[in-house]
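Reader: Hello! I would love a close look at a single part of this chain, with its surroundings explained along the way. Could you walk me through it?

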Amino acid sequence: QVQLQESGPGLVKPSQTLSLTCTVSGGSITNGYYWWSWVRQPPGKGLEWIGCIDASDNTYYSPSLKSETSISRDTSKNQFTLQLSSVTPEDTAVYFCARMAGAFEYDSWGQGTQVTVSS
(Lines give C-alpha, C1' and ligand atoms only; values in the text may rest on other atoms or scores of the structure.)
Protein backbone atom coordinates (compact mmCIF):
# COMPACT_ATOMS: atom_id res chain seq x y z
CA GLN A 1 0.00 0.00 0.00
CA VAL A 2 1.46 3.32 -1.06
CA GLN A 3 1.98 6.01 1.56
CA LEU A 4 2.76 9.69 1.02
CA GLN A 5 4.21 12.11 3.56
CA GLU A 6 4.64 15.85 3.16
CA SER A 7 7.48 17.73 4.83
CA GLY A 8 8.66 21.31 4.90
CA PRO A 9 8.48 24.55 6.86
CA GLY A 10 5.17 25.55 8.36
CA LEU A 11 5.86 29.29 8.15
CA VAL A 12 7.08 31.22 5.12
CA LYS A 13 7.54 34.96 4.80
CA PRO A 14 5.81 36.89 2.02
CA SER A 15 7.79 37.12 -1.25
CA GLN A 16 9.84 34.05 -0.32
CA THR A 17 9.66 30.59 -1.92
CA LEU A 18 7.57 27.84 -0.36
CA SER A 19 9.25 24.46 -0.70
CA LEU A 20 7.63 21.14 0.25
CA THR A 21 8.73 17.56 -0.28
CA CYS A 22 6.57 14.47 -0.60
CA THR A 23 8.22 11.18 0.33
CA VAL A 24 6.57 8.13 -1.19
CA SER A 25 6.82 4.63 0.22
CA GLY A 26 5.27 1.38 -0.91
CA GLY A 27 5.35 2.37 -4.57
CA SER A 28 7.68 3.98 -7.09
CA ILE A 29 7.16 7.45 -8.51
CA THR A 30 8.48 6.07 -11.80
CA ASN A 31 5.44 3.79 -12.11
CA GLY A 32 3.90 4.75 -15.43
CA TYR A 33 0.30 4.39 -14.31
CA TYR A 34 0.28 7.40 -11.98
CA TRP A 35 0.69 11.15 -11.73
CA TRP A 36 2.06 12.66 -8.53
CA SER A 37 0.20 15.78 -7.52
CA TRP A 38 0.17 18.73 -5.19
CA VAL A 39 -3.18 20.02 -3.95
CA ARG A 40 -3.96 22.70 -1.40
CA GLN A 41 -6.91 23.84 0.66
CA PRO A 42 -6.98 27.44 1.87
CA PRO A 43 -8.88 28.10 5.09
CA GLY A 44 -12.62 27.99 4.52
CA LYS A 45 -12.25 27.03 0.85
CA GLY A 46 -12.24 23.91 -1.30
CA LEU A 47 -9.41 21.87 -2.71
CA GLU A 48 -7.25 23.47 -5.39
CA TRP A 49 -5.07 21.42 -7.69
CA ILE A 50 -1.60 22.97 -8.07
CA GLY A 51 0.12 20.62 -10.48
CA CYS A 52 1.64 17.20 -10.98
CA ILE A 53 4.57 15.26 -12.36
CA ASP A 54 4.37 11.99 -14.23
CA ALA A 55 6.60 8.93 -14.47
CA SER A 56 8.42 10.41 -17.45
CA ASP A 57 9.27 13.62 -15.55
CA ASN A 58 6.70 15.68 -17.45
CA THR A 59 5.07 18.43 -15.39
CA TYR A 60 1.61 19.92 -15.57
CA TYR A 61 0.47 23.04 -13.74
CA SER A 62 -2.73 24.85 -12.92
CA PRO A 63 -2.95 27.82 -15.32
CA SER A 64 -3.63 30.16 -12.41
CA LEU A 65 -0.43 29.13 -10.60
CA LYS A 66 1.84 28.15 -13.48
CA SER A 67 4.06 31.23 -13.43
CA GLU A 68 5.14 30.69 -9.82
CA THR A 69 5.09 26.89 -9.55
CA SER A 70 7.78 24.28 -10.09
CA ILE A 71 7.46 20.56 -9.41
CA SER A 72 10.46 18.25 -9.60
CA ARG A 73 11.45 14.80 -8.40
CA ASP A 74 14.35 12.81 -6.98
CA THR A 75 13.93 9.22 -8.09
CA SER A 76 16.85 8.05 -5.91
CA LYS A 77 14.87 9.12 -2.84
CA ASN A 78 11.41 8.41 -4.30
CA GLN A 79 10.41 12.01 -3.57
CA PHE A 80 8.81 14.85 -5.45
CA THR A 81 8.98 18.49 -4.54
CA LEU A 82 6.84 21.61 -4.85
CA GLN A 83 8.28 25.08 -5.07
CA LEU A 84 5.94 28.07 -5.06
CA SER A 85 7.71 31.37 -5.50
CA SER A 86 6.82 34.92 -4.44
CA VAL A 87 4.22 33.72 -1.95
CA THR A 88 1.60 35.99 -0.41
CA PRO A 89 -0.73 35.46 2.57
CA GLU A 90 -3.27 34.10 0.04
CA ASP A 91 -1.02 31.06 -0.35
CA THR A 92 -1.71 30.08 3.26
CA ALA A 93 -3.27 26.63 3.11
CA VAL A 94 -3.02 22.98 4.02
CA TYR A 95 -0.87 21.42 1.31
CA PHE A 96 -1.35 17.81 0.30
CA CYS A 97 0.58 15.50 -1.96
CA ALA A 98 -1.49 12.85 -3.66
CA ARG A 99 -1.35 10.13 -6.26
CA MET A 100 -3.64 10.29 -9.29
CA ALA A 101 -4.63 7.13 -11.11
CA GLY A 102 -6.39 9.12 -13.83
CA ALA A 103 -7.44 12.69 -14.53
CA PHE A 104 -8.05 14.07 -11.03
CA GLU A 105 -8.81 10.55 -9.77
CA TYR A 106 -6.91 10.57 -6.51
CA ASP A 107 -6.36 7.20 -4.87
CA SER A 108 -3.81 8.03 -2.18
CA TRP A 109 -3.19 11.15 -0.10
CA GLY A 110 -0.64 12.42 2.35
CA GLN A 111 -1.94 13.67 5.67
CA GLY A 112 -1.39 17.31 4.68
CA THR A 113 0.81 20.00 6.10
CA GLN A 114 -0.20 23.49 7.19
CA VAL A 115 1.77 26.31 5.60
CA THR A 116 1.22 29.85 6.78
CA VAL A 117 2.54 32.85 4.87
CA SER A 118 3.15 35.67 7.29
CA SER A 119 5.81 38.15 8.24
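Author: Happily; what follows starts with the whole chain and then turns to strand 5 and the strands beside it in sequence. Please keep in mind that this is a predicted model.

The protein chain has eleven strands and zero helices, so its pattern along the sequence is β from start to end. Its radius of gyration is 13 Å, close to the 14 Å that the globule rule gives for 119 residues, so the chain is as compact as a globular protein of that length. The C-alpha trace spans about 40 × 25 × 25 Å along its principal axes, and 44% of the 119 residues are buried.

Now to strand 5, which covers residues 48–54. How many of its seven residues are buried? Six of the seven are, so the strand is mostly covered, buried here meaning under 20% relative accessible area.

On one side in sequence comes strand 4, residues 35–41, which pairs with strand 5 in the antiparallel sense over six bridges. Within this pairing, Arg40 has Glu48 of strand 5 as its bridge partner. The two strands form a hairpin with six residues between them, and Gly44 in that turn has a positive phi of about 75°.

On the other side comes strand 6, residues 59–61, again antiparallel to strand 5, here over three bridges. Gly51 stands opposite Tyr61 of strand 6. Strand 5 and strand 6 also form a hairpin, with four residues between them; in this turn Asp57 has a positive phi of about 75°.

Strand 5 thus takes part in two hairpins, one with strand 4 and one with strand 6.

Definitions and conventions:
Residues are numbered from 1 along each chain as its sequence is written. This is a predicted model: local features need pLDDT of at least 70, side-chain atom pairs count only at pLDDT 80 or more; totals for chains, interfaces and linings use all residues. Side-chain values use heavy atoms; hydrogens and water are left out. The radius of gyration is taken over C-alpha atoms; the globule rule is 2.2 Å times the number of residues to the power 0.38. Buried means under 20% relative accessible area, exposed over 50%, partly exposed in between (1.4 Å probe, protein chains only). Two strands pair if DSSP finds at least two bridges between them.
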